[in-house]
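Visitor: I'm new to this one. Could you show me around?
Guide: Sure, here it is.

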Amino acid sequence: MQTDFSISKLFIRYKWRISITFVLLILENISKVLQPLVLGIAINDLIDTKYNGLWLFCGLYGVSFIIGVIRRFYDTRAYTYIYTNVASEIVAIQNEKKISVSSIAARSALIKELVDFFEHDITQGFTSLISVIGALVMLALFDVRIFIGCLLTIGIILIIYTLSKQKIYRYNTELNDELEHRIDVLEKRKQKGVFSHFKNISKWLVKLSDLETLNFSVIEVVLFFLAIYALYISTSVTNTTAGGIFSILTYVLEFSGGIFMLPIIVQQIIRLKEISSRLKSI
């Protein structure tokens, strides 16, 4: 029976089901990456009383919508199947080893986080990554100076999370240690112990939240200056059309939205590494 429930092992085990999701996700997001460019073309066409760009945009949007609906129907069925199998196996293994009910309950909940990572976090992360890469490619074609500004932004974010990684892991370790003791604490029915348990959980949640807030505040300021810089560059170039300016600013905002979401995925990956190491001990 499977005993390694790390992210990589789960992916290898259910690679075909998960890969189908990724293929649909890639197709959906490629069409979304092209939308600002096509919408810029549509704006220029409408200024000249032409409608080809508008019909092209409508067609591209329709393709993206249909693929998105199909993917969401498929995702739910694929990941509930994975969760049912994995959670059942974990409970069976721990029952054989006479693990305490408290730990079994906690770890069964933790495995849901691993499966949700593929269904929600990876989906969001993949979407953000495609948005960032697509926006970078388009911005490089429009103006290399804005492209370089985006690369510098990515460098700053990497430095921030390199410095924060160990703290995030340690805080999650302490939080999960406390969660594994919940049922034991509740079974004793001592109010002082219950209060202390939830106070400890709150302490680690606050520490994680404070660190996240600090990191995101710095990132938000960096992205703000990037947007101002892109606005200045795009409007100072001669012969730039209204549609071109719109496309540039939209891609900058798309890059900012994507790059803003990626740190959330990084934090979740760090948390899931801690969960995976915990599950390996069963």
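Guide: Let's begin with a term: accessible areas come from the Shrake-Rupley method with a 1.4 Å probe, and for residues only the protein chains shown count as cover. This is a predicted model, where local features need pLDDT of at least 70, side-chain atom pairs count only at pLDDT 80 or more, and totals for chains, interfaces and linings use all residues. Residues are numbered from 1 along each chain as its sequence is written, and side-chain values use heavy atoms, with hydrogens and water left out.

Visitor: What share of the accessible surface belongs to carbon and sulfur atoms?
Guide: The accessible surface of the protein comes to about 15300 Å². The part belonging to carbon and sulfur atoms is 67%.

Visitor: How many helices and strands are there?
Guide: Helices (H or I, at least four residues) and strands (E, at least two) are DSSP runs, numbered from the N terminus. Going along from that end, the elements read α-α-α-α-α-α-α-α. The count is zero strands and eight helices.

Visitor: Which helix gives the most to the largest nonpolar core?
Guide: A nonpolar core is a set of buried Ala, Val, Leu, Ile, Met, Phe, Trp, Tyr and Cys residues joined through side-chain atoms within 4.5 Å; buried means under 20% relative accessible area, exposed over 50%, and partly exposed in between (1.4 Å probe, protein chains only). The largest core here has 31 residues, with Leu139, Ile146, Cys150, Tyr161 and Phe255 having the most contacts inside it. Helices H4 (101–142), H5 (144–180), H7 (191–236) and H8 (242–279) each supply at least two of its residues. The top giver, with 10 residues, is H7.

Visitor: Which residues does isoleucine 146 touch, leaving aside its neighbours within four places in sequence?
Guide: Contact means heavy atoms within 4.5 Å. With those neighbours set aside, the partners of isoleucine 146 are Leu139, Tyr229, Ala230, Ile233, Ile248 and Val252.

Visitor: Is serine 131 buried or exposed?
Guide: Serine 131 sits in helix H4. Beyond its neighbours within four places in sequence, serine 131 contacts Val33 and Glu254. Its relative accessibility is 13%, so serine 131 counts as buried.

Visitor: What is the accessible area of the nonpolar patch on the surface?
Guide: Patches are made of residues with over 30% relative accessible area and no salt bridge (a side-chain nitrogen of Lys or Arg within 4 Å of a carboxyl oxygen of Asp or Glu); like charges are joined within 9 Å, nonpolar side chains (Val, Leu, Ile, Met, Phe, Trp, Tyr) within 5 Å. One member, phenylalanine 73 in helix H3 (residues 52–96), is exposed because its relative accessible area is 54%. Together, Tyr61, Phe65, Ile66, Val69, Ile70 and Phe73 have about 620 Å².

Visitor: How many residues apart are tyrosine 14 and tyrosine 81?
Guide: Rings of Phe, Tyr and Trp (its six-membered ring) pair if their centres lie within 6.5 Å; planes under 30 degrees apart count as stacked, over 60 as edge-to-face and the rest as tilted. The structure holds four aromatic pairs, and tyrosine 14 with tyrosine 81 is an edge-to-face one, at 6.4 Å centre to centre and 90 degrees between the planes. Tyrosine 14 is in the loop between helix H1 (7–13) and helix H2 (15–47), while tyrosine 81 is in helix H3, and the separation is 67 residues.

Visitor: Which of these labels fits tyrosine 14, buried or exposed?
Guide: Tyrosine 81, at 37% relative accessible area, is partly exposed. Tyrosine 14 has just 7% relative accessibility, so the label is buried.
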